[in-house]
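I opened this notebook to record, one lookup after another, what I could read from the coordinates. The entries follow the order in which I went through the model.

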Amino acid sequence: DHMVDRLEETLKAQRQFVADASHELRTPLTALGGLIEMLLLGADRGDRATSQRALRSAHREVERLSRLVGDLLTLSRLDARPTVERRPLDLAALVAEVGEQTRFLAGEREVLWQVAGPLPVDGDADRLKQVLLNLTGNAVAFSAKTGQIVLRGERVGSRARVEVADDGAGIDPADLPGIFERFYRGDKSRARRSDGGAGSGLGLAIARAIVETHGGTIAARSVLGQGTTFTIELPLADEPAPATRPDTALATPSEAALRSR
């Protein structure tokens, strides 16, 4: 029976999600337990510098736990209520805003944005910004310290298209089909972040869930050693979006292409 098969698939996915979440939570908890035990046993021998190193490591694990729990809650909310409160907004302005923020976080990397706006859509600005920041955050994390990140926005028929491209290590073709799955991490180049950190494995799953609740699509294409491009498409709204706020005003496409770090 088709309904029984679907129910079994859903239960299997839920069991796998719980198992994966438990594994991801166990890792930072184990690290925290070890650090605390070390301090309790006096392994620092009263040396303040050693104590500080241990406490900084513990703090990083707490932050990692906090991010993971936050991502799990976000996915839980999206699963429970796969809809969003939509309001008219200009996606082009949002791209420019995220470009500005990314520029300050990118270090020596060059950040460019090329937007042909306005791009009026109906959506949740905070959620869509979360998606774009996740993609630009990945671009920063997986590109060289002197790499380039480019955001593009344009109309394609009745849809608004946004791309986030980097010239980093790229994604193995074998890993591409699974990158939007929960807790998925490629074993090769994409697992090695240039910032030395590790993500929760949930960011792209959250991005896909948010985009799909807006009636849109998200996809990735990549060439090993040359970089990765993520593409989002959302339905254009019938009515123009509100005027852009002064602090997120868009440059013309030619000007925006020249604006960088």
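**Entry 1: strand pairing.** I am working from a predicted model, and I began in the sheet, where I found that Leu112 has Val150 in β4 as its bridge partner. I then looked up the strands behind that pair: β2, residues 110–115, and β4, residues 148–156, run parallel and are joined by six bridges. On its pairing with β5 (residues 159–166), I noted that β4 is antiparallel to that strand, with eight bridges between the two. Within this second pairing I picked out Arg152, which stands opposite Glu163 in β5.

I also checked the turn of the hairpin formed by β4 and β5, where two residues lie between the strands and Gly157 takes a positive phi near 65°.

**Entry 2: two acidic residues.** I next asked whether Asp166, which has its place in strand β5, is buried or exposed. With a relative accessible area of 8%, Asp166 falls under the 20% cut-off and therefore counts as buried. I looked for a polar partner and found that the Asp166 side chain reaches the backbone nitrogen of Gly168 at 2.8 Å.

I turned then to Glu233, which I located in strand β7, residues 227–235. Glu233 has a relative accessibility of 16%, so I entered this residue as buried too. Its side chain makes a polar contact of 2.7 Å with the side chain of Arg161. When I set aside the neighbours within four places in sequence, I listed the contacts of Glu233 as Arg159, Ala160, Arg161, Gly216 and Thr217.

**Entry 3: internal space.** How many cavities of 30 Å³ or more does the model hold? I counted one, and I wrote down a volume of about 30 Å³ for the largest cavity. I then went through its lining, which consists of Leu91, Leu128, Val131, Leu132 and Ile232. Sorted by type, these lining residues are five nonpolar, no polar and no charged. I noted that helix α4, residues 125–141, gives the most to this lining, with three residues.

**Entry 4: the chain as a whole.** I stepped back to count the elements, and recorded six helices and seven strands. Read from the N terminus, their order is α-α-β-α-β-β-α-β-β-α-β-β-α. I also noted that the chain has 261 residues, of which 41% are buried. Of the contacts with a separation of 6 or more, 76% are between residues 24 or more positions apart.

**Entry 5: helix α5.** Which helix is mostly covered? I found this for α5, residues 203–213, in which nine of the 11 residues are buried. I listed the buried ones as Gly203, Leu204, Ala205, Ile206, Ala207, Ala209, Ile210, Val211 and Thr213. Beyond the helix I looked at Gly215, which follows α5 and has a positive phi, near 75°.

**Entry 6: pairs separated along the chain.** I closed with three residues, looking up for each its setting, its accessibility and a C-alpha distance to a residue elsewhere in the sequence.

Val69 lies in helix α2, residues 48–80, and I entered it as partly exposed because its relative accessible area is 37%. Its C-alpha lies 8.4 Å from that of Leu25, although the two residues are 44 apart in sequence.

Asp126 is in helix α4, the helix that I had already met in the lining of the largest cavity. Asp126 has a relative accessible area of 64%, so I marked this residue as exposed. Between Asp126 and Leu94, which are 32 residues apart in sequence, I read a C-alpha to C-alpha distance of 9.6 Å.

Arg182 I placed in the loop between β5 and α5, and its relative accessibility of 29% is why I put it down as partly exposed. The C-alpha atoms of Arg182 and Leu72 are 9.9 Å apart in space, with 110 residues separating the two along the chain.

Terms used: Residues are numbered from 1 along each chain as its sequence is written. This is a predicted model: local features need pLDDT of at least 70, side-chain atom pairs count only at pLDDT 80 or more; totals for chains, interfaces and linings use all residues. Side-chain values use heavy atoms; hydrogens and water are left out. Two strands pair if DSSP finds at least two bridges between them. Helices (H or I, at least four residues) and strands (E, at least two) are DSSP runs, numbered from the N terminus. Buried means under 20% relative accessible area, exposed over 50%, partly exposed in between (1.4 Å probe, protein chains only). A polar contact is a pair of N or O atoms within 3.5 Å; within protein, one must be able to donate a hydrogen and the other to accept it, and residues adjacent in sequence count only if both atoms are side-chain atoms. Contact means heavy atoms within 4.5 Å. On a 1 Å grid over the protein atoms alone, a cavity is a set of points where a 1.4 Å probe fits but cannot get out, and a pocket is an open set with protein on both sides within 12 Å along at least five of seven lines; lining residues have an atom within 4 Å of a point. Grid points are joined across faces, edges and corners, and a volume is the space filled by probe spheres set on the points. Ala, Val, Leu, Ile, Met, Phe, Trp, Tyr, Cys and Pro count as nonpolar, Asp, Glu, Lys and Arg as charged, and the others, Gly among them, as polar.
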